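Good morning, colleagues. Please take a moment with the sequence and the structure on the screen before I begin.

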Amino acid sequence: MGPQPKFAETEAPFAVERALVGEHPAIVKLRALIERVAPAEVTVLITGESGTGKEVVAQAIHTLSPRCNQPFVPVNCAAIPHDLLESEMFGHERGAFTGAAGSRHGLLTTADRGTIFLDEIGEMPGALQAKLLRVLEDGVVRPVGADRATRVNVRVIAASNVDLADAVAKGRFREDLFYRLQVVPIVIAPVRERRSDIPLLTEHFLERIRDRTPGREIAISREAMVAMWSYDWPGNVRELENMVERLAIMSEGSIIDTSILPENLAASARPASPPIAVKLKEGGLNLNDLVRELEGRLINDALKQAGGNKQAAARLLGLKRTTFSAKLRRCGVIAPASLDEGEEG
C-alpha cells in the first residue's frame, strides 16, 4: 500500500474539519500527530475535557488510515445501560437472556476491518473490560450465550474525559487494559488553553451559517469578539459552536454585537487579569518563569483590547511589531491572521 495522504489534502467530513481548525501550537501538533498515528494501526487513547472533539479526532484518524473505506463505529459507553453493554458490544445468541428472540451481531463485529471508537471508556464495567482486553490481545469476540468465539480485525480507539491513570490507582479500571489502550496517547487541549484560536473558530462557524443561508451577511463586532476571547468556554468547541449559532439567530442585523451577548459571556471581558502576588520565599523563586507568566498575561490582555490586531497590541505594550511577534511565539499565543487585515508590515 502506498503512502497515506496528508491531512490537509484529504477530503474529510465537516466534523473533522471543525474541531481541527486553529493555528495555536497545540492544534498544529495535534494535526501532525494524527497524520503520524493514523496509518500505524495501533490502539489510541484520546483524553480531553467534554466538548474538545475527541470523537472528531478519532474520525480523523480513521479517515487517514488504511481502513478509511471500512466502517467507523462510535460507541458511547456511558449512554448504554451496563446490563445491555455486553450484548451491544459482543452480540448475543438466541435465548441467551430474556428477550433475546434471535441472534444479533455486536458492534465489534459490525466494525470488523474498520475502527471502533469507545467513548467514555472509563464507564465500562470491570467484567467487560476483561473481555475487551481479550479482543485487543487475541482478536476474538465471544457473543453472549455463544459456545465459540469468532475472530475480528478491528482497530480500537478509546477516549475519556476523566483521568484513567487515577481510575487505575483507585481500582476502578484495569491496569493492563489501560496500558494496552494507550499505545499512543493523545491529549486535546481545552479551548481556554488555545485562546488565540477562538476568532478562527468563530469565523469558521459563521462561515458555515452563511453557507446554509445564502444571501445573509453575518459578522461579529470587535467588542463582541473580545468577550468571546475572554470567556473560558468550559464546554469547549461544542459550546462555542452552539453559542455562535445562538448569537446568529438572536442578531436582528448583520452584525453580532455585545448587546445580545448572554451575561456570563459579556462579564468575562470586564475584569482585567489580577496582578501576580509575589513574595520571595526562603527557597527562592524562578524569576524567568515569573517574567514569562507576566508577559503572557499582558500579551493576552493587549490582544483582547486590540481585537486580535497584533500591531495595535504591540503599540499598547510599547513594543516593536517584530519584538511583539517574537514574544507571541515564545508564549505560545498566535493572533489570527483574519483579524490582522489592514496591518502595516
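How many bridges join strand E2 to E5, and do the two run parallel or antiparallel? Before answering, I should state that this is a predicted model. Strand E2, residues 72-76, is joined to E5 by 5 bridges, and the two strands run parallel. Within this pairing, Val75 has Leu118 of E5 as its bridge partner, and Pro74 stands opposite Phe117.

On its other pairing, E5 is joined to strand E8, residues 155-160, by 4 bridges, and these strands also run parallel. Here Ile116 is placed opposite Val156 of E8.

Let me now turn to the burial of E5. This strand spans residues 115-119, and 5 of its 5 residues are buried. Thr115, Phe117 and Asp119 point one way, whereas Ile116 and Leu118 point the other way.

Next, the sheet as a whole. It is an open sheet of 5 strands in the order E2-E5-E8-E1-E9, with parallel pairing. Strands E2 and E9, the latter covering 184-187, stand at the edges with a single partner strand each, so one side of each has no neighbour in the sheet. Neighbouring strands in this sheet are turned against each other by 20° on average, direction ignored.

Two helices complete my account. Helix H2, residues 25-37, lies across E1, E8 and E9, and runs at about 155° to E9. Helix H10, residues 222-230, is mostly covered, with 7 of its 9 residues buried. Among them are Met225, Met228 and Trp229.

Technical notes:
Residues are numbered from 1 along each chain as its sequence is written. This is a predicted model: local features need pLDDT of at least 70, side-chain atom pairs count only at pLDDT 80 or more; totals for chains, interfaces and linings use all residues. Side-chain values use heavy atoms; hydrogens and water are left out. Buried means under 20% relative accessible area, exposed over 50%, partly exposed in between (1.4 Å probe, protein chains only). Two strands pair if DSSP finds at least two bridges between them. Axes are lines fitted to C-alpha atoms, for helices over the stretch in contact, and angles run from 0 to 180 degrees between N-to-C directions. Contact means heavy atoms within 4.5 Å.
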